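Let's take a walk through this structure together, one stop at a time. Keep the 3D view open as you read, and turn it whenever a new place comes up.

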Amino acid sequence: MGTLPSDAASVPDYGSLVREDRVHTSLYRDPALFEAEMERIFTKTWVWVAHASELPGKNSFKTAHVGRQPVIVTRDRAGQVHVLLNRCRHRAASVCEQKKGKASVFVCPYHGWSYDVDGRLRAVPHAAGYAQDFDKADYPLVALRTEEYNGLIFATFNPDVEPLADYLGPAKKWIDLFMKQGAGFGVKAAGEHRFRFRGNWKIQLENTTDAYHFPIVHKSFLTSLDDETEELFDVLGQGGWIEDLGNGHSVMVMIPDLVDLEENLDAPIPERFQALADELAAEGHSDEQVRRIVRAVGGTGFNLNLFPNVACSMAFFRVLRPVSVTETEISHIALAMDGGPEAGNRMRLRLHEHFQGPMGFGSPDDAEGWERVQRGAAAGEDLWILVNRGTDPLTGHGAGDNVGDVSAETGMRAAYAMWKRMMTA
Amino acid sequence: MSLETDGAAIDLHEAIAFIWREAEMLDRCAYAPWLALWSAAGRYVIPIDRGTTDYAGTLNVAYDDQAMREARVKRLKSGFSMSSAPPARTVRTVSRFVETAAEAGAIELDAAMLLVEYKYETTRLLAADLNYRIVRANGGLALDRKVIRLINSDDALHGIGYLL
């Protein structure tokens, strides 16, 4: 394993491992550093746990993780969302092992302690066996601070962290743009592909903001498309850009025409969506409605990378979960129009299946690439990972003075600057 | 899924021999002859929700018509997909056959598959329930439906750079 530079008190000097244009190989390899990340990053900042549509109605829940800690995300009878540690306060057994569902109470299977969906301890069997001063109010499921922005639900162990809206900052505008793919119906989670790869979580964090790999790694995806769509996915050739949004967040615009899905509704219907447009028109949708749905059906033209664990990636949510220093779990959550026409939603599912998932035309090659990074990083423990592509901003670009070329490694530098800030705080 | 068939009943043993031939082709990555095993309207499906039969309305690992099967094979054989160049080695067995329906020129059966894959010093085991519809067409048998319900389809999988 790589050794960390240490100061005299043998507290590792994490700050020395991240420079402006490179990061040290130990960031992918060092188990002790991974433990420190779980403490200094994943318990200290906002971590994405759910989309509001995954909790449809009162008493709905899903299970998730904040860092490595299992949680239950619940919606109570008043509609409020709670994020609760999935651990009975008695002897630690998990109180829920379902991925999602409806429940008005969580009963620990071991000794029968029961909890309300807001975490309150409702009852314990044979309560007379406890001392007089035993107070159920002292033993709720541990609740995390929970906030929501435009359907994205985040939780944190840190009571002192800034409000979510402040943490997201300029990323909020891009979240709002991303949600326009609901085409007026709203966005709804519509199933997910989950897969693991044998590599460090930051390899995936980098990848969401890496346009440089696209034409290389995804050549076999590109050649499976019709000519018009292949041209659309020429992500390095359309004047796209990348922008550091602060706090480790960044946006990478690959298809500038698809930044705002409510613009350019008069554009010609792409050939690959003509049959869908015809079907929607035959169902009685107005021409305006058809154009709005069709323009949004393939998702946006950008990846919004939110530090540390979620991205709004073109047409889906990408969620990462660190499992160990060399293993990461990824969810690609498909999105549909909430209550929108089935024909459009079926098209969205087929597009998602085409690229994503363990047998998609894109994801397996990404995963293989990330594993190759981890395997290669076994060599050269003194070497560095370069993130020095495109350090000069573009001059005169319409998107602003501080944007780089789409293939610049600006988003990685933004994430690592935040990593450094949090690891040395 | 209905199609023109030539009507003669399909014997279970004939169907099993056909399935074993298919399995052997897949282990050899002989994908061009595998494509030729299919009826034009056939569907190759790997659902995520093991309980669903509404494949069109839910997210799947794969939901392939003929065009998508052809595109998939082209990709796997292109040499430009690093997850399938080289692919993992696989050895699979298909067994526990149960005939579930039969009509003139068609048979449906359930089966179990155990598949071992090997790549990069790692050996993995995949298990799946299989459902087939096989029809008699053009003087031989053809796959009209193959549904692969992985035992852990709704859990985290790994990249699969070959065909199940």
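P86(B) sits in the loop between α3 (66-77) and β3 (89-103) of chain B. This is a predicted model, and in it the peptide bond that leads from A85(B) into P86(B) is cis, with omega near 5°. Most peptide bonds are trans, so this is a good spot to pause at.

Chain A has a cis bond to show as well. There, F307(A) and P308(A) are joined by a cis peptide bond with omega of about 5°. P308(A) belongs to the loop between β16 (302-306) and β17 (310-313) of chain A. That brings us to a hairpin, since a link of 3 residues joins β16(A) to β17(A). The two strands run antiparallel and are held by 4 bridges, and N303(A) stands opposite S313(A) in β17(A).

Now follow β17(A) onward. Strand β18 (residues 316-324) of chain A pairs with β17(A) in the antiparallel sense, again over 4 bridges. Across this pairing, V310(A) faces V319(A) in β18(A). The hairpin of β17(A) and β18(A) has 2 residues between the strands, and M314(A) in this hairpin takes a positive phi near 50°.

Which residues of β17(A) are buried on one side, and which on the other? V310(A) and C312(A) are buried on one side, while A311(A) and S313(A) are buried on the other, so that both faces of the strand are covered. In a regular strand the side chains alternate between the two faces of the sheet.

Step back to see where these strands belong. They are part of an open sheet of 8 strands in chain A, with the order β13-β19-β18-β17-β16-β15-β14-β21 and antiparallel pairing. The edges are formed by β13 (187-197) and β21 (403-405) of chain A, each of which pairs on one side only. From one strand to the next, the twist averages 20°. At the β21(A) edge, strand β14 (residues 241-246) of chain A runs antiparallel to β21(A) and is joined to it by 3 bridges. One of the pairs here is I242(A) with its bridge partner G404(A) in β21(A).

Just beyond β14, in the loop that leads to β15 (249-253) of chain A, you will find N247(A). Its phi is near 55°, a positive value in a residue other than glycine. Another such residue is H126(A), with phi near 50°, in the loop between β10 (121-123) and β11 (143-149) of chain A. Most residues other than glycine have a negative phi. Are these two residues buried or exposed? N247(A) counts as buried because its relative accessibility is 16%, whereas H126(A) counts as exposed because its value is 75%.

The UniProt record, an unreviewed entry, places the feature "domain: Rieske" at residues 46-155 of chain A. Over residues 46-155 the chain is 0% helix and 43% strand, and the end C-alpha atoms are 5 Å apart.

Next, look at two helices of chain A. W419(A) is found in helix α13 (residues 410-423), and W419(A) is buried because its relative accessible area is 0%. Leaving out residues up to four places away in sequence, W419(A) touches a set of residues that includes Y14(A), V18(A), L27(A), W201(A) and F307(A). The last of these, F307(A), is the residue joined to P308(A) by the cis bond.

Q374(A) lies in helix α12 (residues 363-376) of chain A. With a relative accessibility of 10%, Q374(A) counts as buried. Beyond its neighbours within four places in sequence, Q374(A) is in contact with residues including R29(A), R198(A), I203(A) and V325(A). Q374(A) and N200(A) are 174 residues apart in sequence, yet their C-alpha atoms are 7.1 Å apart in space. A polar atom of the Q374(A) side chain also lies 3.0 Å from the backbone oxygen of Y28(A).

Finally, turn to where the two chains meet. Here 32 residues of chain A are in contact with 36 residues of chain B. About 3000 Å² is buried between chain A and chain B, and carbon and sulfur atoms give 57% of that area. M359(A), F361(A) and E368(A) supply 23% of the area that chain A buries against chain B, more than any other three residues.

Methods: Residues are numbered from 1 along each chain as its sequence is written. Chains are lettered from A and ligands numbered from 1 in the order in which they are written. This is a predicted model: local features need pLDDT of at least 70, side-chain atom pairs count only at pLDDT 80 or more; totals for chains, interfaces and linings use all residues. Side-chain values use heavy atoms; hydrogens and water are left out. Buried means under 20% relative accessible area, exposed over 50%, partly exposed in between (1.4 Å probe, protein chains only). Contact means heavy atoms within 4.5 Å. A polar contact is a pair of N or O atoms within 3.5 Å; within protein, one must be able to donate a hydrogen and the other to accept it, and residues adjacent in sequence count only if both atoms are side-chain atoms. Two strands pair if DSSP finds at least two bridges between them. Axes are lines fitted to C-alpha atoms, for helices over the stretch in contact, and angles run from 0 to 180 degrees between N-to-C directions. UniProt positions are given in the numbering used here, feature names are shortened, and annotations may be inferred rather than shown by experiment. Buried area is the accessible area (1.4 Å probe) that two parts lose on being put together, summed over both.
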